[in-house]
Amino acid sequence: MRIVLVGPPGAGKGTQAQFIASHLSIPKISTGDIFRANVSGGTELGRQAKQFMDRGDLVPDEITIAMVRDRLAEDDAQDGFLLDGFPRNVPQAQTLKKILDSEWGTRLDLVLELVVDEDEVVRRLSGRRTCGQCGQICHVDWDDKKDDLCDDCGGRLFQRDDDKEDVVRHRLEVYQEQTAPLVSFYADEGILVGIDATGPVEEVTERALEAIRRFDT
C-alpha cells in the first residue's frame with residue numbers, strides 16, 4: 001500500500017508511522033528524519049532547513065520535494081511506502097500526485113488523518129525534554145521527572161526550541177493555514193480516513209490498522 005499520514009504536530013505521526021509501516025512491511029519515509037539528520041550533520045541543506053524549523057515554519061517546497069522524489073525512487077519503496085511529514089500542503093500533494101502518476105504510473109491508496117485537539121498537542125510537545133548526550137526523549141508529566149537528568153545515561157535534559165510553548169502554538173497556526181487544507185483535498189480524492197489519536201499508543205495503532213483493513217477491502 002501507498003499511504004500518507006497527516007495530522008498536527010504532536011499527534012503521534014512518527015510513532016504510528018513506525019508501527020504501521022512495520023505491520024505492513026513497507027518503508028516509513030519521514031522528511032522530519034531527513035531534515036534532522038542534515039541539521040545534526042551540519043550540511044548546507046541542514047543549515048538552511050534549521051532556520052525554518054527553529055521558527056516552527058515549513059522547509060521550502062523545492063527542497064522537500066526533491067528529497068522525497070529521490071527517496072521514492074529507491075528499490076524498497078517500489079511496492080509501497082508510508083509517507084510521514086509529506087505532503088504538508090496542497091501544492092505538495094498535487095506535485096506528489098503528478099510524480100506518482102507520470103514517473104511510476106501509480107497513485108496513493110489511503111491518507112490516514114490522526115485527529116487530536118490543540119490543548120493536547122501543546123501538553124504533549126511543551127512537556128518533552130531531550131537528552132543532550134544520548135538523544136533520549138522523555139516527558140515531564142508522564143515520566144515523573146524530579147530532576148533534569150536522563151534516566152538512561154545521566155546526561156542533562158533540555159527543551160528543544162521547537163518544543164517551547166510559543167513555538168508549538170505557532171506550529172499549530174502554520175498547520176491550520178497550510179497543512180489542514182490537505183484534509184479537504186484528499187477527502188475530495190476519496191482516499192481520506194480520520195481516526196482518534198488520543199489514548200494509549202497501542203489503541204491508536206489498532207484504530208489505524210482497523211481503518212486500513214476496512215479501506216483495503
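Is Arg-71 buried or exposed?

**Solution.** Arg-71 has a relative accessible area of 17% and is therefore buried, where buried means under 20% relative accessible area, exposed over 50% and partly exposed in between, with a 1.4 Å probe and protein chains only. The structure is a predicted model, in which local features need pLDDT of at least 70 and side-chain atom pairs count only at pLDDT 80 or more, whereas totals for chains, interfaces and linings use all residues. Residues are numbered from 1 along each chain as its sequence is written, and side-chain values use heavy atoms, with hydrogens and water left out.

**Exercise 1. Examine the salt bridges, beginning with the partner of Arg-71.**

Step 1. A salt bridge places a side-chain nitrogen of Lys or Arg within 4 Å of a carboxyl oxygen of Asp or Glu. By this criterion the structure holds 19 salt bridges.

Step 2. Arg-71 pairs with Glu-74, and their closest N and O atoms are 3.2 Å apart. Glu-74 is partly exposed, at 41% relative accessibility, while Arg-71 is buried.

Step 3. Asp-161 and Lys-164 form a salt bridge with an N to O distance of 3.4 Å. Asp-161 is partly exposed at 40% relative accessibility, and Lys-164 is partly exposed at 34%.

Step 4. In a further salt bridge, Glu-203 and Arg-207 meet at 3.5 Å, N to O. These two residues stand 4 residues apart in helix α9, so about one helical turn separates them. Glu-203 has a relative accessible area of 42% and Arg-207 one of 27%.

Step 5. Arg-128, Arg-160, Asp-162 and Asp-163 are linked in a network of salt bridges.

**Exercise 2. Locate the annotated cysteines and describe the surroundings of Cys-131 and Cys-134.**

Step 1. An unreviewed UniProt entry lists Cys-131, Cys-134, Cys-150 and Cys-153 under "binding site". The record's positions follow the numbering used here, its feature names are shortened, and its annotations may be inferred rather than shown by experiment.

Step 2. The four residues spread over 23 residues of sequence, yet they cluster in space, with a largest C-alpha distance of 8.6 Å.

Step 3. Cys-131 belongs to strand β5, residues 128-131; strands (E, at least two residues) and helices (H or I, at least four) are DSSP runs numbered from the N terminus. With a relative accessible area of 3%, Cys-131 is buried. Contact means heavy atoms within 4.5 Å. Beyond four places in sequence, Cys-131 touches residues including Cys-150, Cys-153 and Phe-158.

Step 4. Cys-134 sits in the loop between β5 and β6 (137-139) and is partly exposed at 43% relative accessibility. Apart from neighbours within four places in sequence, Cys-134 is in contact with Cys-150 and Cys-153.

**Exercise 3. Establish the strand order of the open sheet and the helix α9 packing.**

Step 1. Strands count as paired if DSSP finds at least two bridges between them. The open sheet has 5 strands in the order β2-β3-β1-β4-β8, with parallel pairing.

Step 2. At the edges are β2 (28-30) and β8 (192-196); each has a single partner strand, so one side of each lacks a neighbour in the sheet. Neighbouring strands are turned by 25 degrees against each other on average, direction ignored.

Step 3. Strand β4 (residues 110-115) runs parallel to β8, and 5 bridges join them. Within this pairing, Val-115 has Asp-196 as its bridge partner in β8.

Step 4. Helix α9 (residues 201-216) packs on the sheet, touching β1 (2-6), β4 and β8, and its direction makes about 155 degrees with that of β8. Such angles run from 0 to 180 degrees between N-to-C directions, with axes fitted to C-alpha atoms, for helices over the stretch in contact.

**Exercise 4. Identify the residues and elements of the largest nonpolar core.**

Step 1. A nonpolar core is a set of buried Ala, Val, Leu, Ile, Met, Phe, Trp, Tyr and Cys residues joined through side-chain atoms within 4.5 Å. The largest core has 25 residues, of which Ile-20, Leu-82, Leu-112 and Ile-195 touch the most other members.

Step 2. At least two residues come from each of β1, α1 (13-24), β4, α6 (118-126), α7 (165-179), β8 and α9. Helix α9 gives the most, with 5 residues.

Step 3. Leu-112 contacts, among residues beyond four places in sequence, Val-4, Ile-20, Ile-195 and Ala-208, to name those included here. A second, separate core of 21 residues includes Val-68, Val-90, Leu-108 and Tyr-186.
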